[in-house]
Amino acid sequence: MPKSKSAYSVPTKKEKSDTYIFVVWVDNEAGVLARVVGLFSGRGYNIESLAVAEVDAIKNISRITIVTTGTPQVIDQIKLQLSKLVPVHKVAEFKREDKNVIFKEMALFKIVGKKKKMEMCLNVCKKFDLVILDETKTSKVIQITALRRDIDKISKKLKPWGLISASRTGAVAMTRGAKIFN
Amino acid sequence: MPKLYTGAEIVFKCLEDQKVKHIFGYPGGAVLPIYDELKNHSSIKHILVRHEQGAGHAAEGYARSSGKPGVVLVTSGPGATNVVTALTDAYMDSVPLVCISGQVPTHLIGTDAFQECDTTGITRPCTKHNWLVKDINELSEIMHEAFKVATTGRPGPVLVDIPKDIQFAKTKYKKLKKEKQINGKSNNNFSQKQIDQLIDLLNKAKKPVIYSGGGVINSGPKASDALREFVELTGFPITSTLQGLGAYPGDDNQFLGMLGMHGTYEANNAMHDCDLLINIGARFDDRITGKIDEFSPNSKKVHIDIDPSSINKIIKVDLAIVGDVSKVISKLNKTILKRKNGHSKSNKSNIAKWWEQIQKWRGKNSLNFVNSNDSIKPQHAVQRLYELTKDKDTYVTTEVGQHQMWAAQHYKFNKPNRWMTSGGLGTMGYGLPAAVGVQIAHPEKLVVDIAGEASVLMTMQEMSTAVQYNLPIKIFILNNQYMGMVRQWQELLHEKNYSESYSEALPDFLKMAEAYGCKGIKAENPTELDEKIQEMIDYNGPVIFDCHVDPNENCFPMIPSGKPHNQMILGPKDQEDNKIKGKGKALV
């Protein structure tokens, strides 16, 4: 007797999942983000992070950057399904490892504690475009921009040294060189 | 100074510009201004249904049988939520619908006002697109775009939600602009190179099969003509999905019958054993493929579809051609004919052996059933209905369940747009309101809803609509007192524990017919069947036909859960050897 077979397809040979970054150009209109996000949740795709803002005020275009994981087949589907949405103009997707694309995330950290520990915090953050946004005798608000995994590591490290609040954006992406997405 | 129109007037001006003749709907507080305007537009006839779901299915039947978009008009809140099933049904089966819904006035949106609901939120996943009109100046453009989105590319439902204050507000009317490209959403850019690649595959094939689907119907009657020419040119066998029936003549010798879960033995075996599979306008639905891993394991696969997201969604294909079926097949035919002029070598001889094999499978006569003199067998009833109506250009709708599969198996369709059934969503209660819509589109034609007694009770109220508009629809109920398909699965998978699948207190359908003011006919034994069916056909008015059939009959052949195409259950005898065990059960 062969095991678990069905009239509904059974996911047997699961291909490897990879992390991809989707960049989606959409009309900046009411409900457009809900359409994009609803497509992901409705079809069971995963969203790791999301960043969205208007990038062209005259043409009324917003740019959504979504980090997701999936098998090549799922990634293909995400692209095709996104392209079908009426307010979507253009969809581009990249592997996270893609050397030709720059990915960045930003984080704001609030650190409270003794001077010495705060110094240690600043030291760790130095190489990630550290900006000190606010200072008091007992606290600091700092900003760094880095890759997701770096921010993950840093925030873990900072916890015991007085990190009491963290706020992070989703990833945004841009190609290197003179070329643009198309 | 140009004339100013109210939102309600603009709605009708758009409908007129779009050449809409019929709308299906139900009034209510938030659409009253639009209903008030109805009287000033004599070219548009409103069909008053009894429930908004009925309006949606009627519009689907209208659209599927006529090729024109169906238009639905409902009020806010419950009006909109009631139509959601029909919108989802249309989305799954790619039926063009434009649904206009009323909404509470703009300043009350978000306040939990009377009969308010987040209509665009609720319908977002079951429409191709939807709009909430917040500015009267956008109304005419949105209305025109709604029709465009619904009817272009892969068709589907759209919804326009219009708050009541927008219906009263005034502005200028903007006429339909011609051919404004919307984000390049229509896909018809296939190349001659792809056609040539396909022809190379055709020439090499020894065991080809064509698998056509609802996309051929959606592509219009020309697509069916092109498909017929293509099948004739190649001599290939062709099978069809449930939605594709009628695109190719059901009684033709090259037609293998329907494929899939309740498809014929020859169609499913051909799919399994073929070396070239040509999918034309179908989507590798899970009722078709059965077990994915063992689906047509040795074939090159070609997929012709207008929707790029259908390609490689379920089954990876070797050659994908994204385009309108009608255009692709016409181009293909032309190229084949051109090449044939060069050297007239056809590959029909290549596939002679394949046809021999198919004939062997045909010999199994998989649609066979044991007829009876004592009780009416449901298959027999469908066969008799077919024989007695086949010369009449009959339109058939169905509900969902065993009767639907028997209709698909035993009623042979020769033309497209004659067969309306809920395939993707499987909506019980689809057939009766759909028949209303079909009859509105084709007032002179015979329209039969092949129904089950359980399904038809879900939307029975629409009989009242049929009576109001003198629509002579025939509701042919195969009454077995069970939710037959549920009972069949319980018999096969759940040790005959017929949990809640028997309807203990069915209505007397004759009295019901009388109550609605239509004709009721009952048939209880095979000897009177023909005469009663004839009586139904001859009666000029709506009929409820209560056909009492054998309650224990099962629908065969069947690909049971957990089996690939080439392991079908053929009939009561075969069943003993093919018991379904283990985990497969949970996955039906």
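Two strands count as paired here if DSSP finds at least two bridges between them. With that in hand, look at chain B of this predicted model, where 6 strands form an open sheet in the order S3-S2-S4-S5-S7-S6, with parallel pairing. Strand S3 (45-48) and strand S6 (129-132) of chain B sit at the edges; each has a single partner strand, so one side of each is left without a neighbour in the sheet. On average, and ignoring direction, neighbouring strands of this sheet are turned by 20° against each other.

Before going further, a word on confidence. The predictor gives the complex an ipTM of 0.89 and a pTM of 0.93. Chain B has a mean pLDDT of 93, with 95% of its residues at 70 or more.

Back to the edge at S6(B). This strand pairs with strand S7 (residues 157-163) of chain B in the parallel sense, over 4 bridges. If you want one pair to click on, take Asn130(B), whose bridge partner in S7(B) is Leu159(B). Lying across strand S5 (97-103), S6 and S7 of chain B is H7(B), which runs at about 165° to S7(B).

Helix H7 (residues 139-151) of chain B also holds Val149(B). Is Val149(B) buried or exposed? A residue is buried if 20 or more other C-beta atoms lie within 10 Å of its own; Val149(B) has 23 C-beta neighbours inside 10 Å, so it counts as buried. Setting aside neighbours within four places in sequence, Val149(B) is in contact with Lys128(B), His129(B) and Val158(B), and also with Val86(A) from the other chain. For a sense of distance, the C-alpha atoms of Val149(B) and His262(B) are separated by 34 Å, with their positions 113 residues apart along the chain.

Next, a helix pair in chain B. The axes of helix H3 (residues 52-66) and helix H5 (residues 84-92) of chain B come within 7 Å and cross at roughly 25°, which means H3(B) is roughly parallel to H5(B). On the H3(B) side the contact is made by Gln53(B), Gly56(B), His57(B) and Glu60(B), and on the H5(B) side by Thr85(B), Ala86(B), Leu87(B), Asp89(B) and Ala90(B). Sorted by character, the residues of this contact are 3 nonpolar, 4 polar and 2 charged.

Chain B has another open sheet of 6 strands, in the order S11-S10-S9-S12-S13-S14, again with parallel pairing. Its edge strands are S11 and strand S14 (319-322) of chain B, each pairing on one side only. Here the average turn between neighbouring strands is 15°, direction ignored. Inside the sheet, S12(B) and strand S13 (residues 300-305) of chain B pair in the parallel sense over 5 bridges, and Ile280(B) stands opposite Ile304(B) in S13(B). Helix H9 (residues 192-204) of chain B lies across S12, S13 and S14 of chain B, at about 135° to S14(B).

Helix H12 (residues 265-273) of chain B is mostly covered, with 8 of its 9 residues buried. Those buried residues pack against strands S9, S10, S11 and S12 and helix H15 (352-362) of chain B.

Finally, chain A offers a contrasting case. Of the 8 residues of strand S2 (residues 49-56) of chain A, the number buried is 0, so this strand lies largely in the open. S2(A) runs antiparallel to strand S3 (residues 61-70) of chain A, and 7 bridges join them. Ser49(A), for instance, has Val67(A) as its bridge partner in S3(A). The two strands form a hairpin with 4 residues between them, and Asn60(A) in the turn has a positive phi of about 65°.

How values were computed: Residues numbered from 1 in each chain as written. Chains lettered and ligands numbered in written order. Predicted model: local features only at pLDDT ≥ 70, side-chain atom pairs only at ≥ 80, totals over all residues. Buried ≥ 20, exposed ≤ 12 C-beta atoms within 10 Å, placed from the backbone. pLDDT = per-residue confidence, 0-100. Axes fitted to C-alpha atoms, helices over the stretch in contact; angles between N-to-C directions. Parallel < 35°, antiparallel > 145°, perpendicular 65-115°, else oblique. Contact = placed C-beta atoms within 7 Å. Nonpolar A, V, L, I, M, F, W, Y, C, P; charged D, E, K, R; others polar.
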